[in-house]
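Colleague: Please take a close look at how the helices pack in this model, and give me one connected account rather than a list. I would also like to see some individual residues placed in that setting.

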Amino acid sequence: TGIIETALPLVERPAPATLSTLEADLAALMSRKGMQVVQAAARCLCTVVSKVSRSTAFVEDLFIKHYSQVTACMSNGFKCADKLTVMRSLFIIGNLAAHFDFDKLGLIKADMAPGKVQSTLTKLYLTFMGCTDTDLRIKAIQAFGASSVRWTSMMTEPEASKQIINATNETSPALLKEATLNVISELLSIKVLPFVIPAGSTEATTAIINQMDKENANRCKQSFQAGGSLCQCASDNVLTLILDPDLRVRTAAATAADCIVRHGIINPLMSVAPLIALTSDRSMLLAEKAYKTLSHISEKFPDFIPQRIYEGLILSYRFQVRLFSSAVSSLWIKKSSVGVSIKPTFARLYGLLKRSDKDSFIRALIRPFDFLEEGTTSTIMTSSSSTSRGTVMMSSGSAGRPSKSVDLHFMMYMALIGGSVQFVYTGDPELLRGLIDRL
């Protein structure tokens, strides 16, 4: 479909019968195949109709067919005999609206005058996003995200922000969280390479190619604006979901966070602590993804990681305990009577730091042991709360001192981290030894 939508507008006077067959085949693909095929077929169909065949009635009838199925389900209280068909129709109208200017022409057969299509569809999407059926909510969010590429003002609706925040809440279903995070990533990841004008092209062909370049660049800009708006209202939740118990949610959140950081949508400092914790994930692919994002942050803002090292190590401990009941075991390769082999989980993080900042890593390892001084309370934090940097630990204070076993496990965790680091500079182990001696 990508080749067709690129090449067909350059063909002089294509046969009407060929165009009709192509349009029917694309519509059939949208009714039978998976999401990626539906997205590609919708984009191709709208390009063919807009630039070549001009058969707007065909795409309008196709839209109304699926729109009618969706509205019938809504009128029946979201109860329908064939939910899968309604879910597909919802996804199709979202993608058709993304690539065809229905708002300009209107949809008279569906009682939508020119200029009213956007508001009608926005209301439809938000209604489905607020229903109790998780599957319908997922398709509504995906359709909403697709249509927002054309109508970025949809994101300014207060109800839209509310629904996106609800969908990415920690307590939401895992599939809903994953789908919403994927929509954010997709909107921020659209990239279109400029077309190359072949040598000897006519003026008409050159003009068509230049116009296609302009439209693609505008689409990328609008997609970024839509994704940025989603991120602004859900950034706190995205950073929290980096450490979600579900692996697929964590993966989607890490991808979204990487897009957010690289586009500069939020202050990268906010994401450092959760990403440090994610480098301890037992999924090597996910840990590598987190490390690459931290590397990008370190290149541009070398002071950010040192500022959040201790918080990140605490989060990693809590993350391991929450998922696997034990943080200490996550750092062991094998345990025997001879000794323990330790995973170099944070060794590369230490390597990211500048020489002048490596001390901060070493001091962070020693910091939990400060509570051994008589009359002080533990620096281990046992309760959690959500902040703009994700889930962090709060000190229990003297009134609710943590149990000794929890303290010892955390200290063992930090000690194992220290034992896994291969110090680059001779002064580093000496500093660590001096701090231990002082304690």
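Modeller: What follows begins with the whole chain, turns to one helix and its two partners, and ends with a second pair of helices and some residues around them.

The model is a predicted one, and its chain contains 19 helices and four strands. Of its 439 residues, 47% count as buried, and the accessible surface comes to about 20800 Å², with 55% of that area belonging to carbon and sulfur atoms. Among contacts in the chain with a separation of 6 or more, 73% are accounted for by residues 24 or more positions apart.

The part that I would examine closely is helix α13, which spans residues 269–278. This helix is mostly covered, since 10 of its 10 residues are buried, and the list runs through Leu269, Met270, Ser271, Val272, Ala273, Pro274, Leu275, Ile276, Ala277 and Leu278. Two of the helices that α13 packs against can be described in turn.

The first to consider is helix α15, residues 304–324, whose axis comes within 6 Å of that of α13 and crosses it at roughly 40°. An angle between 35 and 65 degrees falls outside the roughly parallel and roughly perpendicular ranges, and α13 and α15 are therefore oblique to each other. The crossing in which α13 passes α15 is right-handed. On the α13 side, the contact is made by Leu269, Val272, Ala273, Pro274, Ile276 and Ala277, while α15 contributes Phe304, Ile305, Gln307, Arg308, Ile309, Glu311, Gly312, Leu313, Leu315, Ser316 and Phe319. Sorted by character, the residues of this contact divide into 12 nonpolar, three polar and two charged.

The other partner is helix α14, residues 284–300, and here the axes come within 8 Å and cross at roughly 145°. In this case α13 passes its partner in a left-handed crossing. Ser271, Val272, Leu275, Ile276 and Leu278 of α13 meet Leu286, Ala287, Ala290, Thr293, Leu294 and Ile297 of α14, and the residues of the contact divide into nine nonpolar, two polar and no charged. Val272 and Ile276 of α13 are named in the contact with α15 and again in the contact with α14. The general geometry of a helix is useful background here: an α-helix has 3.6 residues a turn, so residues three or four places apart point the same way.

A second pair, elsewhere in the chain, can be set beside these. Helix α3 (residues 35–53) and helix α5 (residues 83–99) pack at an angle of about 40°, with their axes 9 Å apart, and their crossing is right-handed. From α3 come Met35, Val38, Gln39, Ala42, Arg43, Leu45 and Cys46, which meet Arg88, Phe91, Ile92, Asn95, Leu96 and His99 in α5. The residues of this contact divide into eight nonpolar, three polar and two charged.

Individual residues add detail to this second pair. Arg43, which lies in α3, counts as partly exposed at 25% relative accessibility; its C-alpha lies 8.1 Å from that of Ala98, a residue 55 positions away in sequence. Ser89, placed in helix α5, has a relative accessibility of 1% and so counts as buried, the cut-off being under 20%. If residues up to four places away in sequence are left out, Ser89 touches His66, Gln69 and Val70, and the C-alpha atoms of Ser89 and His66 are separated by 4.8 Å although the two are 23 residues apart along the chain.

The loops around these helices deserve a word as well. Arg54 sits in the loop between α3 and α4, where its phi is near 60°, a positive value in a residue other than glycine, and with a relative accessible area of 56% Arg54 is exposed. Phe78, in the loop between α4 and α5, likewise has a positive phi, near 65°, without being glycine, but at 23% relative accessibility Phe78 counts as partly exposed. Finally, Glu12 lies in the loop between α1 and α2 and counts as exposed at 62% relative accessibility; the C-alpha atoms of Glu12 and Val52, 40 residues apart along the chain, are separated by 9.4 Å.

Note on methods
Residues are numbered from 1 along each chain as its sequence is written. This is a predicted model: local features need pLDDT of at least 70, side-chain atom pairs count only at pLDDT 80 or more; totals for chains, interfaces and linings use all residues. Side-chain values use heavy atoms; hydrogens and water are left out. Axes are lines fitted to C-alpha atoms, for helices over the stretch in contact, and angles run from 0 to 180 degrees between N-to-C directions. A crossing is left-handed if the near helix is turned anticlockwise from the far one by less than a right angle, and right-handed if clockwise. Contact means heavy atoms within 4.5 Å. Ala, Val, Leu, Ile, Met, Phe, Trp, Tyr, Cys and Pro count as nonpolar, Asp, Glu, Lys and Arg as charged, and the others, Gly among them, as polar. Buried means under 20% relative accessible area, exposed over 50%, partly exposed in between (1.4 Å probe, protein chains only). Accessible areas come from the Shrake-Rupley method with a 1.4 Å probe; for residues, only the protein chains shown count as cover. Angles under 35 degrees count as roughly parallel, over 145 as roughly antiparallel, 65 to 115 as roughly perpendicular and the rest as oblique.
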